[in-house]
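Please open the model in a viewer and keep the selection panel at hand. The tour below proceeds from one selection to the next.

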2 protein chains.
Amino acid sequence: MLENNKQPKTDLGKLGEFGLIEKLTRDIKIVNPQTIKGVGDDAAVMNFKDKNVLASTDLLVEGVHFNLAYHPLKHLGYKAAVVNFSDIYAMNGFASQLLVGLAVSNRFPVEAIEQVFEGIKLACQIYGVDLVGGDTTSSTSGLVLAPTATGWVEPGKTVYRDGAEKNDLIVVTGDLGAAYMGLLVLQRENEVFKVNPKHQPDLSKYSYVIERQLKPEARKDIPVLLRKLDVQPTSMIDISDGLSSEILHITKQSGVGAVIYENKIPIDPQTILTAEEFHISEITAALNGGEDYELLFTIKQKDYDKIKGNPNLTVIGHITEEPGAYLITNDNQKLELKAQGWNALENE
Amino acid sequence: MLENNKQPKTDLGKLGEFGLIEKLTRDIKIVNPQTIKGVGDDAAVMNFKDKNVLASTDLLVEGVHFNLAYHPLKHLGYKAAVVNFSDIYAMNGFASQLLVGLAVSNRFPVEAIEQVFEGIKLACQIYGVDLVGGDTTSSTSGLVLAPTATGWVEPGKTVYRDGAEKNDLIVVTGDLGAAYMGLLVLQRENEVFKVNPKHQPDLSKYSYVIERQLKPEARKDIPVLLRKLDVQPTSMIDISDGLSSEILHITKQSGVGAVIYENKIPIDPQTILTAEEFHISEITAALNGGEDYELLFTIKQKDYDKIKGNPNLTVIGHITEEPGAYLITNDNQKLELKAQGWNALENE
């Protein structure tokens, strides 16, 4: 529980390992009634009474999920927390606690770790989640963030990936593909910067797509909205790997198929403009880009009237009895979705 | 939940990322009634009813906590699971679920990851814990294991670090210092091997200390024993960083002091012999070595008769009203215990 393993002696050691933990955690305030004991013991202690308990872990690894050349440390901490909350919302649940595993090389000063934790704590504050423990240790090379989120859901309200049935409507929240376009912009600017460090890029026209990449938000509002609308999804998943991959998870686990429509997929105008600039299809970005952290779910047709016109929700297709998941393009082609992405448009 | 993040393309990709997950998890059987849904959704789903829920995470990082030259991958998986279970037992609780975060470089073939998971699954089987989820991803360099254990404890039975009171007895389970001596033996043999790869060491006389390092066990039996003996500890912690450090956690958090006796500290004869060979004090190994994963706890004096003569439990001292933690040596010196270790004997 937020204890530094003592074997390595790093520069961080100047503060003292337990000193670091104290510094990082002293301003934590517990807000959830389920949290009985947070940071400072061998394990966090919680009590969820009759609720189902949810737990999920998603790692963020330097050089794989982020590049410190353009991912600021505070944003990184924020993102690491938020992507873990997203998995809890994808069960139709409420994120309430976070444990943070952090492996950090001795090239980072104490202040850098504080920035990571500032982001984590900001996310916890905004999402109403208690930071209840973790483990901080050295790394011989890169920075690894290993958060685990816990949360709860009423047993009858839990939504799995395997409940989709024929004729159910397929719904997505928000818009898709922006985070991937943001990544492409950041990668391009980083290459330019390497050649010409004095270059001052004007990134204002990419502000939305960059923010979606650097500081994504999870759909905390959706489980609340679904209860308010009295809609119980038949299946749900968060969109971390791209729409294609997530639809295939649902269809495979539910033993069904799906048809979605290109002209229904919600995409922000800035995503479209940026995709045009990069000569890729915005639909490819939506299907395969990933990191949108929107929710994908299915509902019974009878619930359509309850969600109709809601600006947060877009019906993009329906579940079929026949296996296989397909995209109907604007020119009425039927293309099969692939787990690794829908390749037809990739080389446009 | 045991999903491979798809951004990196590694040799592991030949199997396919979802193929890897399926391979690693297909033989998992759920044994705990609290586990409602394990691997395969956005989050694990559990229900602990009126019990307190415990959660803890401890990372194992290559080059910091282990060296693949002498830590076999299967043992490593086993150890990563067990050290996380240990934190749950240290709350007087029962470990019941495990999530595993794993970051692995592309120099590892699929078979290597399978070995890590064999160890994790063996530990889960032996300890009666369900592997319910996780995340497997690439790493640009070393291997990082980031497990999170969950478990439960009856609300009235939860034991924290801050409940020790004046005159309570200080008890440890098992024996101490062996894991550290095992590490020293392994490090020495690795140095010899680097100079002379044909050297065939006879490690049989170090079998116990090496096993304590490579394949430690957590004290699953102690929460059961304590209930059987009708003993409710006033405070408890697991010994991961060495006895000194753990006693100081308890005394600091409980606002008390402690006195322990050198001649009471349980140390295995093989630990003593190995320490002599390395010209260090076995007491130093016990106080500062760490990784023993025994439990340290305090009990009321009135409970002494209940534990007396139990071969698993040794009373090593008592809690004092005055702050500060001290070791009374065999020649009756009183030495203060230090968080970073008790240095008086280190250079003997």
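**A tour from the chain contact to the core**

Begin with A:Val53 in this predicted model: its bridge partner in E3(B) is B:Met46. Extend the selection to the whole of strand E4 of chain A, residues 52–57, which pairs with E3(B) in the antiparallel sense over 3 bridges.

Next, display the contact between the chains, to which chain B and chain A contribute 60 residues each. On the chain B side, the elements giving two or more residues include strand E3 (44–46), helix H2 (73–89) and strand E6 (94–105) of chain B. Colouring the chain B side by class shows 26 nonpolar, 21 polar and 13 charged residues.

Now restrict the view to chain A and select domain 1 (3–157) and domain 2 (169–343), as given by the domain assignment. Their C-alpha centres lie 27 Å apart. Where they meet, 18 residues of domain 1 are in contact with 20 residues of domain 2. Select helix H2 (residues 73–89) of chain A: with 9 residues, this helix gives the most to the side of domain 1 that touches domain 2. That side of domain 1 comprises 10 nonpolar, 5 polar and 3 charged residues.

Finally, turn to the largest nonpolar core, which has 214 residues. Those with the most contacts inside it are A:Leu54, A:Phe85, A:Ile120, B:Leu54, B:Phe85 and B:Ile120. Centre the view on A:Ile120; leaving aside residues up to four places away in sequence, A:Ile120 touches A:Gly77, A:Tyr78, A:Ala80, A:Ala81, A:Val100 and A:Leu131.

Terms used. Residues are numbered from 1 along each chain as its sequence is written. Chains are lettered from A and ligands numbered from 1 in the order in which they are written. This is a predicted model: local features need pLDDT of at least 70, side-chain atom pairs count only at pLDDT 80 or more; totals for chains, interfaces and linings use all residues. A nonpolar core is a set of buried Ala, Val, Leu, Ile, Met, Phe, Trp, Tyr and Cys residues joined through C-beta atoms within 7 Å. A residue is buried if 20 or more other C-beta atoms lie within 10 Å of its own, exposed if 12 or fewer, and partly exposed in between; C-beta atoms are placed from the backbone. Two residues are in contact if their C-beta atoms, placed from the backbone, lie within 7 Å. Domain bounds come from an automatic or database domain assignment. Helices (H or I, at least four residues) and strands (E, at least two) are DSSP runs, numbered from the N terminus. Ala, Val, Leu, Ile, Met, Phe, Trp, Tyr, Cys and Pro count as nonpolar, Asp, Glu, Lys and Arg as charged, and the others, Gly among them, as polar. Two strands pair if DSSP finds at least two bridges between them.
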